[in-house]
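Visitor: I'd like a quick walk through this one, with the reasoning spelled out. Can we start once it's on screen?

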Amino acid sequence: MAKKDDILKSFLTHELLESKYELLYENLPTTVRDALNSDIAIVKAIALIVDGLDGTSPVTDSVLRNQITQFLNEAI
Amino acid sequence: MIIRKIQIENYLCYYANNTFELSEGLNIILGENGEGKTKFFEAVDWLFNGGNSELSTLVSARKLDETKISESFRVSVSMTVEQYGEKSTITKSFLVRKEGQNECSTSSFMIEGIEENSSGERSQVDGQALLDQIFPFQIRKYSMFKGEAELNVFESESALANLINLFSEAKHYGKYSEKGAFLREKAEKAVEDSSKLDKKNEALYRRLEGEILQLEREKDKYKVHLNATEEEIRKIEENLQDAERHVSNADALEVLNNRIKDIEGRISFLAGRIDENYTTSLFDENWILVNFEPFHKEFAEKVSAHSKKRRLLQSEFDKQKGIKEGEKKAKAELLNNAVPLPVGVPSKSHMEEMLQDKICKVCNRPANPQGSKDEVEAYEFMMKRLKAYLESQAVEENEPENEEPLFKFDYINRLDNLCISHEDNMKKLRLIRTQIKELFEFNDCRKKDIEELNEKLEKEKLERERILGNSSIAEEKLIDVLKNYNAWQKDLRNRNEQKIDYTSKLNRVDAELKSKKEEKDKIEMSSASSFLIKTRNILRDIETIFCDTKEKKFEEFIEKLQTKSNNIFKTINIDAFTGTIVFRKKSKVNRIIIEVELQEDGRTFYKPNQSLLTSMHISILFAISELASEIKEENFPMIFDAPTSSFGENKTAQFLNLIYETENQKILLIKDFLHADRTTNSLSIKKEFENVRRNKAFWVKLERPFDPNNLKTINSQVIPL
């Protein structure tokens, strides 16, 4: 398993996702690639950040910010 | 990564080429003090970290001595390592040219790298880059330890946090918490900007912003105070615990010091009362006269005799004087008490004339010695007058006009008075003998008292020495301990009260901050675009997830580290008291620090003995190394020079057997298991070393014979065991 998938996994096991977003870990994607295609905003946002920071082509702060805010503003 | 070989050539005591063929696992290098162990360690350290300065001090004196002037030779340290089935050799070297007797010049060092792949192909590469690639400097930093003192790499408060960051997964999560905060802040800003566009709530919104800012500043201030207070409390507790070990001694010392002071005071008082100024008393107190009485008696008798004789002489003198006066009186009576003419009237010549003429020309009467009775009488009278005159003339020449007393200076009388005076003083003088006796007795008694007190003082001082001998701190400090102990206890109470105060203030500010933020959120909900708010809320949650995960990973690592450290620690100190190694995470103003401490029943054990402390540090280092191996796929060697000097031989053996069980390569330089025969002055390996499990062992020893005062005779031999 790739390091970025491990990192994503450790984020998706956070209790907040279940308590606040009612998301069960079992139903969540296990890889960054799958998470980037998720319909759940917070999951995809996390995946975007992991991919941006630990993916094959790391991005700058402003690019990351644009990606995330643009995605979230549109998705919700 | 495994170090397969270390070669040292002409480096200090390593004359010519010396090779250590190392193995995986535990490599032990034995050596007596001063026979080459530390030089081995320093050579490897020079290879890893050494610079160009004073290279001439690294040259083998023996090699330099046997080299001819203007000839050159090489000093080098080389390491061959194996990693992923490939071999690499890194060699650091410099040239030495002999310039004169004991003089040389050196080139700058060069570092060469050679890579050899599994099929045996060799290629030359940049040595420094190769070294950093196969053995990164951050890891090298925690791989080499010289002596027990350097084992404590955790003295610096951020060292352990850095180490954990280096080896733990937590390091991957640091950037997420940073980016999470960055994204959340930008989203907050977008919401704020949007909210400010709503003029209706503008004033209230701005006021809330100001209040929140103010409260956050206040919160930061109380956090700093609370941190500082907690730090103070920790220091005071440490001091108190340290003092507690000495306080009973300090208490006893104070009592003893008071007793010693009292005894010394009494000795000084008694010594002051002893009067031994006997020479002064001899004269000032008339002690010299202690045997005066017989002399006085003799003197008195003599004076008495003289006095009697004097009186006799005086009486005789007075009698003679009385006779003379009687004669004068009788003569006066002869003249019918008429006042006679002065002697010499008539004059001598008139008298002679009248005696010749046989007539008294004063009374005009004949004066003839053959004449009548009257004439004869007259003649005799004139003759007598002439004689008297002539005699008077003679007396005038021989006798003083005024008659002197018989005893002009009255010495006898003065002697008499002196004698009486002495007699009066005799009563006092008779007391001197008693006085002397009493003074000697008094002085003897006081001396005896002083002697007894001195004996007592010696005992008390001995007791004090015993207490000081039991104490690990100096007397002056021990005296301060008691004073400080009471002051620290008071200080601790005050600091704990302060801590409660700051905590309650912090809670109050937190509550207030929460309420203001909720109020601000409400305004934002009604004023800002809903998608901005939703974005912000999600980013707030993402930041929380990132921070919590980082924290969790960090804590997981610490917990693992703590468990592993304690397992190793208990194995090293089998059947002995250890306590528990506890890692405590602390938030300082802008950073997290990790403190490691030894606890005994949940109470911090601030001053463990050196052996316990060393084994604690080694346990943590081994635990870190094990965890690093688990997390990374790579193992790195660890090199320790004399890490167990405070251990006994048994504990060292247990320790080595434990290390043998651990995975990664370790090179240990120790001076144990060597026996020095005093008669033959030879060294040998003890039998006990046979029971020490190891993968490889060497013995570095100086080639015999050698002159301890001549470096040119020094050569460390490497003997594989």
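Guide: One term before we go: a residue counts as buried when its relative accessible area is under 20%. Also keep in mind that this is a predicted model.

Visitor: Good. What share of chain B counts as buried?

Guide: Chain B runs to 721 residues. Its secondary structure comes to 16 helices and 20 strands, and its accessible surface is about 41,500 Å². By the cut-off of under 20% relative accessible area, the buried share of chain B is 39%.

Visitor: And how much of the contact in chain B is between residues 24 or more positions apart?

Guide: Here the pool is the contacts in chain B with a separation of 6 or more. Within that pool, residues 24 or more positions apart make up 70%.

Visitor: On to the interface. What part of the area buried between chain A and chain B comes from carbon and sulfur atoms?

Guide: The contact draws on 27 residues of chain A and 24 residues of chain B. Together the two chains bury about 2,400 Å². Of that area, carbon and sulfur atoms supply 74%.

Visitor: Which residues of chain A lose the most area to chain B?

Guide: Take the area that chain A buries in the contact with chain B: three residues together give 23% of that side. They are Phe11(A), Arg65(A) and Ile76(A).

Visitor: What about charged pairs, say the one that Lys175(B) forms?

Guide: The count between chain A and chain B is three salt bridges, and there are eight residue pairs in polar contact across the interface. In one salt bridge, the side chain of Lys175(B) sits 3.3 Å, N to O, from its partner, and that partner is Asp54(A).

Visitor: Which element gives the most to the side of chain A that touches chain B?

Guide: Four helices of chain A each give two or more residues to that side: H1 (3-12), H2 (15-19), H4 (41-54) and H5 (61-75). The top contributor gives eight residues, and that is H4(A).

Visitor: How many residues on that side of chain A are nonpolar?

Guide: The side of chain A that touches chain B also has five polar and six charged residues. The nonpolar ones number 16.

Visitor: Back to chain B. Is Asp672(B) buried or exposed?

Guide: Asp672(B) is in the loop between strand E16 (666-670) and strand E17 (674-677) of chain B. Beyond its neighbours within four places in sequence, Asp672(B) touches Leu30(B), Thr644(B), Glu649(B) and Thr652(B). Its relative accessible area is 13%, so Asp672(B) is buried.

Visitor: Where is there a cis peptide bond?

Guide: Most peptide bonds are trans. One in chain B has omega near -10 degrees, so look in the loop between strands E19 (696-702) and E20 (716-720) of chain B, where Pro705(B) is found. The cis bond runs from Arg704(B) to Pro705(B).

Visitor: What is the phi of Asn102(B)?

Guide: Most residues other than glycine have a negative phi. Asn102(B), in the loop between strand E5 (86-100) and strand E6 (103-106) of chain B, has a positive one although it is not a glycine, at about 65 degrees.

Visitor: Last one: is Asp410(B) buried or partly exposed?

Guide: Asp410(B) lies in the loop between helix H11 (373-398) and helix H12 (411-470) of chain B, with a positive phi near 55 degrees. Its relative accessibility is 25%, so Asp410(B) counts as partly exposed.

Conventions. Residues are numbered from 1 along each chain as its sequence is written. Chains are lettered from A and ligands numbered from 1 in the order in which they are written. This is a predicted model: local features need pLDDT of at least 70, side-chain atom pairs count only at pLDDT 80 or more; totals for chains, interfaces and linings use all residues. Side-chain values use heavy atoms; hydrogens and water are left out. Contact means heavy atoms within 4.5 Å. Buried area is the accessible area (1.4 Å probe) that two parts lose on being put together, summed over both. A salt bridge is a side-chain nitrogen of Lys or Arg within 4 Å of a carboxyl oxygen of Asp or Glu. A polar contact is a pair of N or O atoms within 3.5 Å; within protein, one must be able to donate a hydrogen and the other to accept it, and residues adjacent in sequence count only if both atoms are side-chain atoms. Ala, Val, Leu, Ile, Met, Phe, Trp, Tyr, Cys and Pro count as nonpolar, Asp, Glu, Lys and Arg as charged, and the others, Gly among them, as polar. Buried means under 20% relative accessible area, exposed over 50%, partly exposed in between (1.4 Å probe, protein chains only). Accessible areas come from the Shrake-Rupley method with a 1.4 Å probe; for residues, only the protein chains shown count as cover.
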